[in-house]
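User: Hello! I am new to this structure and would like to understand the reasons behind the labels people put on its parts. Could you take me through them step by step?

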Amino acid sequence: MRSIWNGAISFGLVSIPIKLVNATESHSISFRQIHVNDGGRVRYRKVCELDGEEVPSAEIGKGYEEADGSIVPITDEDLAQLPLATAKTIEIMSFVPAEEIDPLQMDAAYYLAANGATAAKPYTLLREALKRSRKVAIAKYALRGRERLGMLRVVDDVIAMHGLLWPDEIRAPEGVAPDADVTVRDAELDLADALMATLGEVEMASLHDDYREAVEALIVAKSGGAFEPTEAVVEPAGGQVIDLMAALERSVRAAKASRGEADGEGEGEAGGEGEGEGEGEGAAEAEVTPIRRKARAGAGTRAGTAAAAPKAVGGKKSTAASAKKTAASAATKKKTTTAGGKSATGKSTSRTAKTTAKTTAKTAAAKKTGSGAAASAKKTAAPRKRTSA
């Protein structure tokens, strides 16, 4: 890398020859100004106000304008003769913990390279001393016509220097903080902490400039004549936050989803769905009967049994009633026949009574059999009701 300044580090009585190399570079895409009508370049020409002639760069110098508008010429030789110890020296003044440096003071960054074989030993000594002390060095140096403040620290096996703004160049943040008196609850802080933990850390080397890449792709497409403008998808700007807690909770869920992590609330919902499905299957297999009061449990059971076999029960009741009625009629006729003597009507009635008695016996047997079937159905229905409950 090309050096932009040569000098030395003054470390007490130790002098370390070094070269100053830029540690950063700009990848910003620069544009030329053109005439829109014909695409011609628009250039700036440096013209002298007195004679109106364009002045080449070799004839351009420096000058300080005073309050009355007069110009005081200042040459590079004048600046070189200034009595500054830092004109060609990075003078270390003190060593302080790195956390004492306000990041607002950070400016340009440079690498300090050892200049020559004789500089290797003192350069390594300073580097290792900085490593072991875990401190940074505060120094003064002169660059590009002005004295500057710097901070020296170790990056890998190289001493790096960050240009620092002078303390009086940092503006006080007056009128920047919110004027309203706002109270933050612990629950909100807990959610903010959860969001920070969910987002986690990022690999700095993986970050890149998406805008620059999009501009480069645009230039390539337009130069090849295949550019088709498309409307960018812009997320709608969020309005005023009404519920900060809800916004934080949604942010945590979104961050977990983007990282492929399971959300606790989502697991709970999934479990609820599984239970619901299980209940549904159970309801399909077993017939659920509404539970009634204990006083009407027997009535409910009888109703359920009757509903299970309405024709059989109805037929049994009809047969029993008919048998009773026939037996009563036969008894009445028997009494009448006995009182009147041995007559044809009495014999006929007696035969009818015998036939009726046989029919009654069969009917009674059928009734008994039906009662047993009903009791069996009752026993079978009762467990099903208990299972349903």
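User: Why is Asp156 called exposed?

Analyst: The label depends on a cut-off: exposed means over 50% relative accessible area. Asp156 has 68% relative accessibility, so it counts as exposed. Please keep in mind that this is a predicted model. As for its place, Asp156 is in the loop between strand S8 (146-155) and strand S9 (158-164).

User: What makes the phi of Asp156 worth a remark?

Analyst: Its phi is near 55 degrees, a positive value in a residue other than glycine. Most residues other than glycine have a negative phi. Arg134 also has a positive phi, near 55 degrees, and is likewise not a glycine. Arg134 is placed in the loop between helix H2 (120-133) and strand S7 (135-143).

User: Is Arg134 buried or exposed, and how do you know?

Analyst: The same kind of check works here. Exposed starts over 50%, and Arg134 has a relative accessibility of 75%, so it counts as exposed.

User: How do you know that Asp157 and Lys131 form a salt bridge?

Analyst: The test asks for a side-chain nitrogen of Lys or Arg within 4 Å of a carboxyl oxygen of Asp or Glu. For Asp157 and Lys131 the N to O distance is 3.4 Å, so the pair passes the test. Asp157 lies in the loop between S8 and S9 while Lys131 is in helix H2, so the pair ties together parts that are 26 residues apart in sequence.

User: Why are Asp157 and Lys131 called partly exposed?

Analyst: That label covers values between the buried limit of 20% and the exposed limit of 50%. Asp157 has a relative accessible area of 49%, so it is partly exposed. Lys131 has 35%, so it is partly exposed as well.

User: What makes Glu128 and Arg127 a salt bridge, and which labels do the two residues get?

Analyst: Their side chains meet at 3.1 Å, N to O, and the limit is 4 Å, so this pair qualifies. Glu128 counts as partly exposed because its relative accessibility is 37%. Arg127 has a relative accessible area of 14% and is therefore buried, since buried means under 20%.

User: How many salt bridges does the structure hold?

Analyst: There are seven salt bridges in the structure. One of them joins Glu216 and Arg212, at 3.1 Å from N to O. These two are four residues apart in helix H4 (residues 210-223), so about one helical turn separates them. Elsewhere, Arg127, Glu128, Lys131 and Asp157 are joined into one network by salt bridges that share partners.

User: Why is Glu216 called partly exposed, and which residue far along the chain does it approach?

Analyst: Glu216 has 34% relative accessibility, so it counts as partly exposed. The C-alpha atoms of Glu216 and Ile29 are separated by 8.2 Å, with their positions 187 residues apart along the chain.

User: What makes S7 mostly covered, and which strands pair with it?

Analyst: Seven of the nine residues in S7 are buried, and buried means under 20% relative accessible area. Strand S5 (residues 89-97) runs antiparallel to S7 and is joined to it by six bridges. Here Val96 stands opposite Val136 in S7. S7 and S8 also pair in the antiparallel sense, over seven bridges, with Lys140 opposite Leu149 in S8. Two strands count as paired at two bridges or more, so both pairings meet the rule.

User: What lies between S7 and S8, and what about S3 and S4?

Analyst: S7 and S8 form a hairpin with two residues between them, and Arg144 in the turn has a positive phi of about 55 degrees. S3 and S4 form a hairpin with five residues between them, where Gly69 in the turn has a positive phi of about 95 degrees. Four bridges join the antiparallel S3 and S4, and Lys62 has Ile74 in S4 as its bridge partner.

User: Which residues form a positive surface patch, and why does Arg32 count as exposed?

Analyst: The patch is formed by Arg32, Arg41, Arg43 and Arg45. Arg32 sits in the loop between strand S2 (14-22) and strand S3 (62-65). At 62% relative accessibility it is over the 50% limit, so Arg32 counts as exposed.

Methods
Residues are numbered from 1 along each chain as its sequence is written. This is a predicted model: local features need pLDDT of at least 70, side-chain atom pairs count only at pLDDT 80 or more; totals for chains, interfaces and linings use all residues. Side-chain values use heavy atoms; hydrogens and water are left out. Patches are made of residues with over 30% relative accessible area and no salt bridge: like charges are joined within 9 Å, nonpolar side chains (Val, Leu, Ile, Met, Phe, Trp, Tyr) within 5 Å. Accessible areas come from the Shrake-Rupley method with a 1.4 Å probe; for residues, only the protein chains shown count as cover. Lys and Arg count as positive and Asp and Glu as negative; His and the chain ends are not counted. The place of a charge is taken as NZ of Lys, CZ of Arg, CG of Asp or CD of Glu. Buried means under 20% relative accessible area, exposed over 50%, partly exposed in between (1.4 Å probe, protein chains only).
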